[in-house]
Amino acid sequence: MNHYCPETGPRIAVYFNTRSGLPGALRWWADDRIIVGGSILHVEDGENLRLQLGVTHVISVESERGDFGMHTLPWIHLPTPDIGRMPVHIVRDAITWARGVFCEPNSRLYVHCQQGMSRSPSIAYAILRDRGLSHDEIIRRIREAVTPDWGAHPFHVAYLTSADRALASLKEST
């Protein structure tokens, strides 16, 4: 099933909290194998992402908490400051880890920060660029899903610069 439709934009990835029966936090499909969003607050959230959306792996770029011990899925924690320059090694590590995830058939990756508005879309941008999508296409998808002016704020520009530097350093090393 393709969760990104070029005609209508990204589908919102809705799952329901089995405890409350209410929809979980905003999550959106960046492509058919990547979901982007906010914090995983409870073990049930991770299980619901797995059962309802098919998520198999998680990248957390939260600096605030790191979700230690809360994931029931394979995951990596790459603590990233909420505002400012995103360290190039963090982006490089996320891309490298995602490459390994996508070697597994039917794998699906959830990339999250606290709110799903800045850091996780920036990491998704880097992963999607690595998977061959154009800068303009990815920015369009993020703006459709998150906010129409995404990428205009100076710290978004700094995040994207870090992502492009990480991609360049990975290409040089291969």
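**Sheet, helices and cores of the predicted model**

Strands β4 and β7 run parallel and are joined by four bridges. Within this pairing, Ile35 has Tyr110 of β7 as its bridge partner. The description that follows refers to a predicted model. The two strands belong to an open sheet of five strands, ordered β3-β4-β7-β5-β6, in which the pairing is mixed. Strands β3 and β6 (75–77) form the edges, each being paired on one side only. On average, and with direction ignored, neighbouring strands of the sheet are turned by 20° against each other.

The chain as a whole contains five helices and seven strands, which succeed one another along the sequence as β-β-β-β-α-β-β-α-β-α-α-α. Among contacts with a separation of 6 or more, 63% involve residues 24 or more positions apart. Of the 174 residues, 50% are buried. The exposed area of the chain is about 8000 Å², and carbon and sulfur atoms supply 55% of that area.

Two of the helices can be described by their placement on the strands. Helix α2 lies across β4, β5 (57–60), β6 and β7, and its direction makes an angle of about 175° with β5. Helix α3 lies across β3, β4, β5 and β7 and runs at about 160° to β4.

In soluble globular proteins, nonpolar side chains tend to be buried together. In the present model, the largest nonpolar core comprises 39 residues, of which Ile34, Ile59, Val91, Ile123 and Ile127 touch the most other members. At least two residues of this core come from each of β3 (27–31), β4 (34–37), α2 (88–102), β7 (109–112), α3 (119–130), α4 (135–145) and α5 (154–173). A second core, separate from this one, consists of nine residues, among them Val55, Val58, Leu73 and Tyr110. The surroundings of Ile59 can also be specified: neighbours within four places in sequence aside, Ile59 is in contact with Ile76, Leu78, Ala94, Trp97, Leu109, Tyr110, Val111, His112 and Ile127. Tyr110 thus appears as a contact of Ile59, as a member of the second core and as the bridge partner of Ile35.

Helix α5 consists of 20 residues and spans 29 Å between its first and last C-alpha atoms, close to the 28 Å expected at 1.5 Å a residue. Its buried residues are Phe155, His156, Ala158, Tyr159, Leu160, Ser162, Ala163, Ala166, Leu167 and Leu170. Helices α2, α3 and α4 are included in what covers these positions.

Two individual residues illustrate opposite environments. Leu49 is located in helix α1 (residues 43–53) and counts as buried because its relative accessibility is 0%, below the 20% cut-off. Although Leu49 and Ile35 are 14 residues apart along the chain, their C-alpha atoms are separated by 9.6 Å. Asn106, by contrast, occupies the loop between α2 and β7. Its relative accessible area is 71%, over the 50% limit, and Asn106 is therefore classed as exposed. The phi angle of Asn106 is near 65°, a positive value in a residue other than glycine.

Note on methods: Residues are numbered from 1 along each chain as its sequence is written. This is a predicted model: local features need pLDDT of at least 70, side-chain atom pairs count only at pLDDT 80 or more; totals for chains, interfaces and linings use all residues. Side-chain values use heavy atoms; hydrogens and water are left out. Buried means under 20% relative accessible area, exposed over 50%, partly exposed in between (1.4 Å probe, protein chains only). Contact means heavy atoms within 4.5 Å. Accessible areas come from the Shrake-Rupley method with a 1.4 Å probe; for residues, only the protein chains shown count as cover. A nonpolar core is a set of buried Ala, Val, Leu, Ile, Met, Phe, Trp, Tyr and Cys residues joined through side-chain atoms within 4.5 Å. Two strands pair if DSSP finds at least two bridges between them. Axes are lines fitted to C-alpha atoms, for helices over the stretch in contact, and angles run from 0 to 180 degrees between N-to-C directions. The expected span of a helix is 1.5 Å times one less than its number of residues.
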